[in-house]
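Biologist: I've got a structure open and I'd like to go through it with you. Could you take my questions one by one?

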Amino acid sequence: MSGSVRVLLLLLALDSVAPEGVPGREGGNVLFIMADDLRPVLGCYGDSLVKSPNIDQLASKSQVFLNAYAQQAVCAPSRTSMLTSRRPDTTRLYDFNSYWRVHAGNYSTMPQYFKSKGYFTMSVGKIFHPGVPSNYTDDYPYSWSVPAYHPPSYGYENEKMCKGKDKQLHANLLCAVNVTEQPGGTLPDIESADEAVRLLRSRANSSAPFFLAVGFHKPHIPYRIPQEYLSLYPIEKMSLAPDPDVPKRLPPVAYAPWTDLRWREDISALNVSFPYGPIPKDFQLGIHQHYYAAVSYVDRQVGRLLSALDELGLADSTQVVFLSDHGWSLGEHGEWAKYSNFDVVTRVPLIFYVPGVTSHPDSSGTSTFPFIDVFDKAEFSFTNHKEIKRMVELVDIFPTVSALAGLRVPKPCIGISLQEELCTEGDNLAHTFRHRERGENVEAIAFSQYPRPADTPQRNSDLPSLEDIKIMGYSLRCWDYRYTLWLGFNPKTFEANVTDVHAGELYMLASDPGQDNNIYNDSEHSMIIRKMASLPHTVTLQTRLKLQLLYFTAGMKTR
């Protein structure tokens, strides 16, 4: 038997192993908190500049996954994928223009599954992407026991709400405001926190367990945030991205031209060239300042939720999950958005608090989550309770939350399972809460993907409609490498042509953690494609990427 066939059989065998599950406290509540466009710019992820004391306090009593990755770095596809535990090629949602139950399959969602098990399920703010991707109802009544709540003030989010130097109102990217001057004297995330606390109080004495999902809109653009948060980040203390230039060997198809920023009035006034910019450095510093300020603003709302949970006596019976739908580029590779496969946009925070597992009740009566005011002068220091370094994915959340709640874990999907209403394409990570991680897990892999309309940046490159997708970038992230192939894609059949390779990327992370030096070699890849031509058509694209990476890296080691 040839070496390549042995490797293939091993990988197929590993893929077929059923995930292990270790249940937590049966019947416990779930508080599921999402941020929007939040990369791991948090103290608990090692950022020394940010002020995020409430989330850091949560992490100190939780298990923190240091390498969690989204399956597509844009809101609707990522959220639908995470909530159904199906990859974008199964939900068939790559844009904002379809509802998976009609367009792909009638897949059950995580809140729907909990609802079917007797949970009272509630949604506040942005959990599903609103509009077409969730049938204009946030998937009610399938997923929720009551209609989803959306903060009324969000209707002003992209209007002219930002006071400029000319004292006039503008639709700007940088939009720190006096909240008392905003419509209703409030902002969306403040309203969402208010409603979530109200719902917690309404369920505190109920005999039925609850699943409350709370989605904050920040730090998504525009940065319409309370102006006082800027004082936490003096502009002279801000710094630029360490790799602000477009890498010389970056394939043009891989570049995201950040069109969502360009129409904002303050960006438009800069007259930045398309597609590569760059944005003037002083304005770059302002973007960094506003992003960090938005993170601290969200941290305050998270603190309000957690302290309410504590005050209501629910902290010892409620599993808390904190995550983001994807990350955000702050000038790395000359990009200022999501819409790509780099770590800065696919890697997200993922934190699990499980009472009795990651934290135990304090007999002294000390609060579990006392609110921390970021504007207090006191310095706070927390240490994460437990960290997991292995690669994990957002599709792992559904089976993991189910297991930790003591529910039966959905069975693994077989291939792209369009007819299965309830199954998971992720792994159940519950066993990681019971066992110590032993060194680096070099076999753990996370997959992401992103569509493009052409080989070079276009006005619709960031978010092409399904019918315009011509290329799909499939990306594999393991401990040592990020490997991406840009393949021809048929939007009518939802299939990639594995022999139609438009470009490739390969980064050695030990020496190139920022993913700036692409060492992909076209001629070597052509040879690998010829070697793999005999593989059965049933071999998944993910397995093909694994095999190709093994071939690539084996060849590098023999040089």
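Biologist: How do the residues of the lining of the second largest pocket divide into nonpolar, polar and charged?

Modeller: Keep in mind that this is a predicted model. The second largest pocket has a volume of about 740 Å³, and 31 residues line it. Its lining divides into 16 nonpolar, 7 polar and 8 charged.

Biologist: Which residues lie nearest the centre of that second largest pocket, and which elements give two or more residues to its lining?

Modeller: Of the 31 lining residues, Arg39, Glu332, Val344, Arg347 and Pro513 lie nearest the centre. As for elements giving two or more residues to the lining, those are α10 and α11.

Biologist: Let's stay with α10, then. Is α10 largely enclosed by the rest of the structure or not, and why?

Modeller: Helix α10 covers residues 281-311, which makes 31 residues. From first C-alpha to last, α10 reaches 45 Å, close to the 45 Å expected at 1.5 Å a residue. Buried here means under 20% relative accessible area. By that cut-off 25 of the 31 residues of α10 are buried, so the helix is largely enclosed.

Biologist: And which residue just after α10 takes a positive phi?

Modeller: Helix α10 ends at residue 311. Just after α10 there's a positive phi of about 75°, and the residue that takes it is glycine 313.

Biologist: On to the rings. What kind of aromatic pair do phenylalanine 128 and tryptophan 144 form?

Modeller: A search of the whole structure turns up 21 aromatic pairs. A pair of aromatic rings is described by the distance of the centres and the angle of the planes. For phenylalanine 128 and tryptophan 144 that's 6.1 Å centre to centre and 80° between the planes. Planes over 60 degrees apart count as edge-to-face, so the pair is edge-to-face.

Biologist: How many residues apart in sequence are the parts that this pair ties together?

Modeller: Both phenylalanine 128 and tryptophan 144 are buried. Each lies in the loop between β3 (120-125) and β4 (162-163), so the pair ties together parts whose separation in sequence is 16 residues.

Biologist: What about tyrosine 339 and tyrosine 450: how far apart along the chain are they?

Modeller: These two form an edge-to-face pair as well, at 6.3 Å centre to centre and 70° between the planes. Tyrosine 339 is buried at 6% relative accessible area, and tyrosine 450 is buried at 0%. Tyrosine 339 sits in the loop between β9 (318-324) and α11 (343-346), tyrosine 450 is in strand β12 (residues 446-452), and the pair links these distant parts across 111 residues.

Biologist: Which ring does the charged end of arginine 101 sit over, and which ring face does arginine 459 lie over?

Modeller: The charged end of arginine 101 is 3.8 Å from the ring centre of tyrosine 142. For arginine 459 the distance to the ring centre is 3.9 Å, and the face belongs to phenylalanine 274. In that order, then, the rings are those of tyrosine 142 and phenylalanine 274.

Biologist: One more: is proline 77 buried or exposed?

Modeller: Proline 77 lies in helix α3 (residues 75-84). Its C-alpha is 9.9 Å from that of serine 98, 21 residues apart along the chain. With 0% relative accessibility, proline 77 counts as buried.

Note on methods. Residues numbered from 1 in each chain as written. Predicted model: local features only at pLDDT ≥ 70, side-chain atom pairs only at ≥ 80, totals over all residues. Heavy atoms only, no water. Helix = DSSP H or I, 4+ residues; strand = E, 2+ residues; numbered from the N terminus. Expected span 1.5 Å × (residues − 1). Buried < 20%, exposed > 50% of the residue type's maximum accessible area, 1.4 Å probe, protein only. Phe/Tyr/Trp six-rings, centres within 6.5 Å; stacked < 30°, edge-to-face > 60°. Lys NZ or Arg CZ within 6 Å of the ring centre and 35° of its normal. 1 Å grid on protein atoms, 1.4 Å probe; cavity = no way out; pocket = protein on both sides within 12 Å on 5 of 7 lines; lining within 4 Å. Points joined across faces, edges and corners; volume = space filled by probe spheres on them. Nonpolar A, V, L, I, M, F, W, Y, C, P; charged D, E, K, R; others polar.
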